[in-house]
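Subject: Handover of a structure and notes on its cavities

Dear colleague,

Please find below the structure that I am handing over to you. My notes on it follow directly afterwards.

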Amino acid sequence: MNPALLVLEDGRVFRGTPYGAEGETFGEMVFNTGMTGYQETLTDPSYARQIVAMTSPHIGNTGVNDEDPESGRIQVAGYVVREPARVASNWRATGSLGSALRDQGVVGIAIPGTRALTRHLRDKGAMRAAIFSGTAAVAPGEDALLERVRRSPSMEGADLARDVSTKERYVVRAKGTKRFTVAAVDLGIKAMTPYRMSERGCEVHVLPATSTAEDVLALDPDGVFFSNGPGDPAAAGYAVDALRGVLDAGTPFFGICFGNQIFGRALGLGTYKLRFGHRGINQPVQDRATGRVDVSAHNHGFAVDAPTDGPFDTPYGPAEVTHVNLNDGCVEGLRLLERPAFSVQYHPEAAAGPHDASGLFDRFRELMEGPR
């Protein structure tokens, strides 16, 4: 068996065997705590330029299928598992996960120490890393490989939304009777998100990440949506400018994940990089108004810096933090008090993940009904 190495920025090295394609890949080393949904994770554009380690020990048991992908390809930079399934067994499976990784050129590694890796990242934080397998793991020596990792780009300052976004606009038709037109700015959108809106009578026009406010408002939408996505929100000033134009127009707005961070920056707030990030389908989030706790799906490494002790002023009137994470207290939701605009930091589309937060799409629908 050919060798494989996972080399972390701080010098820690994990040895294993190749999984998927052989070669080399660089990215930010993160971990995902979900017990299910590996295909949705792999195809989520928010994971662009990230090497993802799965904390669930057995990966690939149900193979891959043509129904669960959240985008047109695998998006992760690299993949780390403990024990790849030897046989894919599921009535929907169209192939094995290992074959899908190889076919799409995704370099992975199987290591016996995914728990040790996760504990290391929980202590040291997310960091740059690389996987080297096959001949790439042999010739240069570990010191030379480590130096290459340390020269690789950081996630801070990375503008990745425009890289993963659709290049051409497309439309997701409403299921049944059309009631609303939604302009959705694709910052790394998951396929299930416009589908959830279409179930509620929305015809969703998905637009490229660099669309301007004029592009968005030209559709005369009943509501505007900003999606999840990868990278540093501080590097996506084009999206902030577009959203400010939407807010100026008073059009109902809903944002999730990266869209929440863009909303925060449009309100004049800052954003910052989390030490570990939140990635998985078991994050507890509390609605501060009702006290309700939702277990929710997350995939983000940045957060909004907003005061949580009451309403605060913005250029668009007073706003408040609506949701907080019960693990670390970070901001998980925002809303304007005098305009129809709100956002959350997590993923209510439930792909993969719990359905606790699906009512947020109903809330968006209610906002769009208001102006009518």
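How do the residues of the lining of the second largest cavity divide into nonpolar, polar and charged? The answer is five nonpolar, eight polar and two charged. Please bear in mind throughout that the model is predicted.

The cavities

Searching the whole structure yields two cavities of 30 Å³ or more. The largest cavity holds about 130 Å³ of space. Its lining comprises 18 residues, and Thr-41, Lys-190, Ile-281, His-298 and Ala-352 are the closest to its centre. Two or more lining residues come from each of helix H1 (38-42), strand S15 (270-287) and strand S16 (293-305). With three residues, S16 gives the most to this lining. In terms of chemistry, the lining of the largest cavity consists of five nonpolar, nine polar and four charged residues.

The second largest cavity, to which the opening question referred, has a volume of about 120 Å³. It is lined by 15 residues, of which Ser-46, Gln-50, Gly-231, His-300 and Gly-301 are the closest to its centre. Here the elements that give two or more residues are helix H9 (258-266) and S16. S16 again gives the most, in this case four residues.

The two domains

The protein chain is divided into domain 1 (4-151) and domain 2 (160-369). Their C-alpha centres lie 28 Å apart, and the contact between them takes 26 residues from domain 1 and 21 residues from domain 2. Both domains take part in enclosing the cavities: the lining of the largest cavity draws at least three residues from each domain, and the lining of the second largest cavity likewise draws at least three from each.

The annotated binding site

An unreviewed UniProt entry places the feature "binding site" at Ser-46, Gly-229, Gly-231, Phe-258, Gln-261, Asn-299, Gly-301 and Phe-302. These positions span 257 residues in sequence, yet no two of their C-alpha atoms are more than 13.2 Å apart, so they gather at one spot. Among these residues, Asn-299 belongs to the lining of the largest cavity.

Ser-46 may be a useful residue to inspect in the viewer. It lies in the loop between H1 and strand S4 (50-54). Its relative accessibility is 5%, and Ser-46 therefore counts as buried, the cut-off being under 20%. Leaving aside residues up to four places away in sequence, Ser-46 touches Gly-188, Asn-228, Gly-229, Pro-230 and Asn-299. Gly-229 and Asn-299 are also among the positions that the UniProt entry lists for the binding site.

Backbone points

Two residues other than glycine have a positive phi, namely Asp-220 and Cys-257. For Asp-220 the angle is about 50°, and the residue lies in the loop between helix H7 (213-217) and strand S13 (223-226). For Cys-257 phi is near 60°, and this residue lies in the loop between strand S14 (253-256) and H9.

Is each of these residues buried or exposed? Asp-220 counts as exposed because its relative accessibility is 63%, and the cut-off for that class is over 50%. Cys-257, in contrast, counts as buried because its relative accessibility is 1%.

Yours sincerely,
A colleague

Technical notes
Residues numbered from 1 in each chain as written. Predicted model: local features only at pLDDT ≥ 70, side-chain atom pairs only at ≥ 80, totals over all residues. Heavy atoms only, no water. 1 Å grid on protein atoms, 1.4 Å probe; cavity = no way out; pocket = protein on both sides within 12 Å on 5 of 7 lines; lining within 4 Å. Points joined across faces, edges and corners; volume = space filled by probe spheres on them. Nonpolar A, V, L, I, M, F, W, Y, C, P; charged D, E, K, R; others polar. Domains from an automatic or database assignment. UniProt positions renumbered as here; feature names shortened; annotations may be inferred. Buried < 20%, exposed > 50% of the residue type's maximum accessible area, 1.4 Å probe, protein only. Contact = heavy atoms within 4.5 Å.
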